[in-house]
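Here is a brief report on one protein chain. Keep the sequence and the model side by side while reading.

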Amino acid sequence: MKLDWKRLLHEPIEKSIRRGSLIKLKDDSWCDEVVIFMICEWIGDNDFPISIVRISGSKGGINPFRLIPATSLHPGRGITVGWLIENWNDWIWMESDVSTAMICHGPISSDLF
């Protein structure tokens, strides 16, 4: 069994991205490495309940998260593929082009690690 990566730009724009989903992209700002982010639920903050955490690469954990405003959420406490693409440079990772992004919809089974 392995992670099911899909090109973000090929996913339906209305599809919800749940917590535990992974985003993989090429980081053009630092040694051209491939990095992975995780969509997380930020419990206790109703204004910014979703965050994106960098979990790999040489900067993994340095800038721990980007908070997503509640006004941007899809019903079911998630963001949509369309929102992610549209807001890529503002909220996600301006140092990388969205066309390099891959997604593995979560939650992810621990059996894959």
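Is Arg18 buried, partly exposed or exposed? Arg18 is partly exposed, because its relative accessible area is 47%, a value between the 20% and 50% cut-offs. The residue sits in the loop between E2 and E3. Leaving aside residues up to four places away in sequence, Arg18 touches Ile39, Gly106 and Pro107. Thr80 is 62 residues away from Arg18 in sequence, yet the two C-alpha atoms are 8.7 Å apart in space.

**Model and confidence**

The model is predicted. Its mean pLDDT is 81, and 87% of the residues reach 70 or more. Confidence varies among the elements. Strand E1 (residues 6-7) has the highest mean pLDDT, at 96. Strand E6 (residues 66-68) has the lowest, at 72.

**Overall build**

The protein has two helices and eight strands. Along the sequence, the order is β-β-β-β-β-β-β-α-α-β. Both helices thus come after seven strands, and one strand follows them. The protein has 113 residues, and 36% of them count as buried. Its accessible surface comes to about 6500 Å². Carbon and sulfur atoms hold 54% of that surface. Among contacts with a separation of 6 or more, 51% involve residues 24 or more positions apart.

**Strand pairing**

Strand E4 (residues 33-41) pairs with strand E3 (residues 22-27). The sense is antiparallel, and six bridges join the two. Leu22 has Met38 of E4 as its bridge partner. E4 also runs antiparallel to strand E5 (residues 50-54), with five bridges between them. Here Phe37 stands opposite Arg54 in E5. E4 therefore has bridges to E3 and to E5, given that two strands pair when at least two bridges are found between them. In a regular strand the side chains alternate between the two faces of the sheet.

**The nonpolar core**

Which residues have the most contacts inside the largest nonpolar core? They are Leu8, Ile23, Leu84 and Trp88, in a core of 20 residues. The elements that give two or more residues to this core are E3, E4, E5, helix H1 (81-86) and helix H2 (88-92). Strands and helices both contribute, then.

Leu8 shows how the core is put together. Not counting residues up to four places away in sequence, Leu8 touches Val81, Leu84, Ile85 and Trp88. Val98, Ala101, Met102 and Ile103 are also on its contact list. Two of these partners, Leu84 and Trp88, appear with Leu8 among the residues with the most contacts in the core.

Helix H1 also carries Glu86. This residue is exposed, because its relative accessible area of 66% is over the 50% cut-off. Glu86 and Val98 are twelve residues apart in sequence, and their C-alpha atoms are 9.4 Å apart in space.

**Salt bridges**

How many salt bridges does the structure hold? There are three. The table gives each pair with the distance between its closest N and O atoms.

| Salt bridge | N to O distance |
|---|---|
| Asp4 and Lys6 | 3.7 Å |
| Lys15 and Glu11 | 3.5 Å |
| Glu41 and Arg19 | 2.2 Å |

Take Asp4 and Lys6 to begin with. Asp4 is partly exposed, with a relative accessible area of 46%. Lys6 is partly exposed too, at 32%.

Lys15 and Glu11 fall into separate classes. Lys15 counts as partly exposed, at 30% relative accessibility. Glu11 counts as buried, because its relative accessibility of 11% is under the 20% cut-off.

What does the pair of Glu41 and Arg19 tie together? Their side chains meet in a salt bridge of 2.2 Å, N to O. Glu41 lies in strand E4, while Arg19 lies in the loop between strand E2 (16-17) and E3, so the pair ties together parts that are 22 residues apart in sequence. Glu41 counts as partly exposed, at 24% relative accessibility. Arg19 is partly exposed as well, with a relative accessible area of 48%.

The loop between E2 and E3 thus holds Arg19 and also Arg18. Arg19 forms its salt bridge with Glu41, and Arg18 touches Ile39.

Methods. Residues are numbered from 1 along each chain as its sequence is written. This is a predicted model: local features need pLDDT of at least 70, side-chain atom pairs count only at pLDDT 80 or more; totals for chains, interfaces and linings use all residues. Side-chain values use heavy atoms; hydrogens and water are left out. Helices (H or I, at least four residues) and strands (E, at least two) are DSSP runs, numbered from the N terminus. Buried means under 20% relative accessible area, exposed over 50%, partly exposed in between (1.4 Å probe, protein chains only). Contact means heavy atoms within 4.5 Å. Accessible areas come from the Shrake-Rupley method with a 1.4 Å probe; for residues, only the protein chains shown count as cover. A nonpolar core is a set of buried Ala, Val, Leu, Ile, Met, Phe, Trp, Tyr and Cys residues joined through side-chain atoms within 4.5 Å. A salt bridge is a side-chain nitrogen of Lys or Arg within 4 Å of a carboxyl oxygen of Asp or Glu. pLDDT is the predictor's confidence in each residue, from 0 to 100.
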